[in-house]
Amino acid sequence: MALLPWRKALVTHTEDATHNTRIFFLEIQDTGQFDFKPGQFITLDLPIDEKPARRLRSYSIASRPDGSNLIELLIVRTPEGKGTRYLFEEVKAGSEITFRGPQGVFVLPEKLDKEIFMICTGTGVAPFRSMIQHIYHHHISFHKIHLVFGTRTRADLLYYDEFRELEKKLPGFGYYPTLSREQWAEGYHGYVHGVYEKLCEHRPDARFYLCGWKNMIDDARKKILEMGYDKKAIHLELYG
Ligand SMILES: Cc1cc2nc3c(=O)[nH]c(=O)nc-3n(C[C@H](O)[C@H](O)[C@H](O)COP(=O)(O)OP(=O)(O)OC[C@H]3O[C@@H](n4cnc5c(N)ncnc54)[C@H](O)[C@@H]3O)c2cc1C
């Protein structure tokens with residue numbers, strides 16, 4: 001398949017989401033409308049290395065397709081990371097970014113007839129935010145959606161108020177934030193695995209969407225298979 005062409009985007013502004021995550025608001029140039037499917041990502045070509053292959057970093061689109069040319073990326077600063085050092089220290093309102101996309105097949109099926117488990121840690125929530133907002137704004141019917149979001153402490157929660165609001169407005173949508181390093185009354189404690197295992201006790205007919213880093217994804221995949229689900233029911237977006 002031919003690669004998509006390189007395009008330009010302007011950073012309109014940025015906003016710190018937490019102490020180590022930032023939302024980058026991009027305006028795609030030379031078009032009034034940027035079409036993508038919720039769950040897809042774009043690949044940035046950052047001026048951080050001589051070799052083109054070492055300059056590429058991919059990011060899920062965290063916003064929903066709304067008919068405009070504006071998108072949001074939710075990015076965590078990686079300690080010692082070359083790409084995120086550049087993004088967090090050099091990129092500001094008015095910066096131009098070279099990218100290609102949209103890309104990827106981590107998207108929802110046409111019919112949301114089974115229960116859907118969206119399991120993620122940290123900025124792995126980005127594609128799910130796009131999907132859930134899309135479902136809400138287009139009144140797309142679904143059976144049940146469970147968003148299981150894991151992070152360390154309250155200070156690391158992402159889109160917390162937004163998902164709590166959506167929980168009230170979107171019947172069938174359940175939000176399960178879980179903290180691994182802090183006890184709290186409002187949500188769960190521990191890793192994501194214990195949360196979806198409990199929700200799956202009665203073995204509902206389900207599809208699983210996993211997004212984030214290797215350790216969580218490997219463990220989740222293993223546990224979901226051990227619960228007796230087929231590997232075809234599991235969809236992955238591996239960040240690294
Ligand atoms: C499909 C996809 C979507 C993603 N979406 C998000 C998102 O929405 N939010 C988010 O925070 N992160 C996301 N990531 C992770 C992101 O792409 C970066 O890996 C992350 O930001 C760390 O980049 P870094 O350059 O700071 O760290 P680094 O450790 O410097 O680089 C991380 C990765 O970049 C590549 N890389 C680094 N150096 C080299 C080199 N010398 N040669 C070749 N390759 C190299 C490697 O793949 C490495 O694992 C996504 C990843 C993928 C694959």
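Which strands does helix 3 lie across? Helix 3, residues 160-169, lies across strand 8 (142-151) and strand 9 (173-179). Its direction runs at about 145° to strand 9. This is a predicted model, and the report below covers its layout, its two sheets, the ligand shell and two backbone details.

**Overall layout**

The chain holds 5 helices and 12 strands. Its radius of gyration is 18 Å, close to the 18 Å that the globule rule gives for 240 residues, so the chain is as compact as a globular protein of that length. Along the principal axes, the C-alpha trace spans about 50 × 35 × 35 Å.

The chain is divided into two domains: domain 1 covers 7-103 and domain 2 covers 112-238. Their C-alpha centres lie 24 Å apart. Domain 1 brings 15 residues to the contact, and domain 2 brings 14. On the side of domain 1 that touches domain 2, strand 5 supplies the largest share, 3 residues. That side of domain 1 divides into 8 nonpolar residues, 6 polar residues and 1 charged residue.

**The antiparallel sheet**

One open sheet has 6 strands in the order 4-3-6-1-2-5. The pairing is antiparallel. Strand 4 and strand 5 are the edge strands, each pairing on one side only. From one strand to the next, the twist averages 40°.

Strand 6 (residues 96-103) pairs with strand 1 (residues 7-16) over 4 bridges, in the antiparallel sense. Here Ala-9 stands opposite Ile-97 of strand 6. Strand 6 also pairs with strand 3 (residues 41-45), again antiparallel and over 4 bridges. Phe-41 stands opposite Gln-103 of strand 6.

**The parallel sheet**

A further open sheet of 6 strands runs in the order 10-9-8-7-11-12, with parallel pairing. Its edge strands are strand 10 (188-189) and strand 12 (234-238). Each of these edge strands pairs on one side only.

Strand 7 (residues 112-121) and strand 11 (residues 206-212) pair in the parallel sense over 6 bridges. Phe-117 has Phe-208 of strand 11 as its bridge partner. Helix 5 (residues 214-226) packs on the sheet and touches strand 7, strand 11 and strand 12. The direction of helix 5 makes about 165° with that of strand 11.

The strand pairs described above are set out here.

| Strand pair | Sense | Bridges |
|---|---|---|
| Strand 1 and strand 6 | antiparallel | 4 bridges |
| Strand 3 and strand 6 | antiparallel | 4 bridges |
| Strand 7 and strand 11 | parallel | 6 bridges |

**The shell around the ligand**

How many residues surround the ligand? There are 20. The closest are Ser-58, Ser-60, Gly-81, Gly-83 and Thr-84. Three elements give two or more residues to this shell: strand 4 (56-60), strand 5 (70-76) and helix 1 (82-89). Strand 4 gives the most, with 4 residues.

By class, the shell has 8 nonpolar, 8 polar and 4 charged residues. Which domains give at least three residues each to the shell? Both domain 1 (7-103) and domain 2 (112-238) do.

Two elements from this account reappear elsewhere in the structure. Strand 4 is an edge strand of its sheet, and strand 4 also gives the most residues to the ligand shell. Strand 5 is an edge strand as well. Strand 5 gives two or more residues to the shell, and strand 5 also supplies the largest share of the side of domain 1 that touches domain 2.

**Backbone details**

Where is the cis peptide bond described here? A cis peptide bond joins Gly-101 and Pro-102, with omega at about 10°. Pro-102 is found in strand 6, and strand 6 pairs with strand 1 and with strand 3.

Glu-80 has a positive phi, near 70°, in a residue other than glycine. Glu-80 sits in the loop between strand 5 and helix 1. Strand 5 and helix 1 are among the elements that give two or more residues to the ligand shell.

Note on methods
Residues are numbered from 1 along each chain as its sequence is written. This is a predicted model: local features need pLDDT of at least 70, side-chain atom pairs count only at pLDDT 80 or more; totals for chains, interfaces and linings use all residues. A residue is near a molecule or strand if its C-beta atom, placed from the backbone, lies within 6 Å of it. Ala, Val, Leu, Ile, Met, Phe, Trp, Tyr, Cys and Pro count as nonpolar, Asp, Glu, Lys and Arg as charged, and the others, Gly among them, as polar. Domain bounds come from an automatic or database domain assignment. Two strands pair if DSSP finds at least two bridges between them. Two residues are in contact if their C-beta atoms, placed from the backbone, lie within 7 Å. Axes are lines fitted to C-alpha atoms, for helices over the stretch in contact, and angles run from 0 to 180 degrees between N-to-C directions. The radius of gyration is taken over C-alpha atoms; the globule rule is 2.2 Å times the number of residues to the power 0.38.
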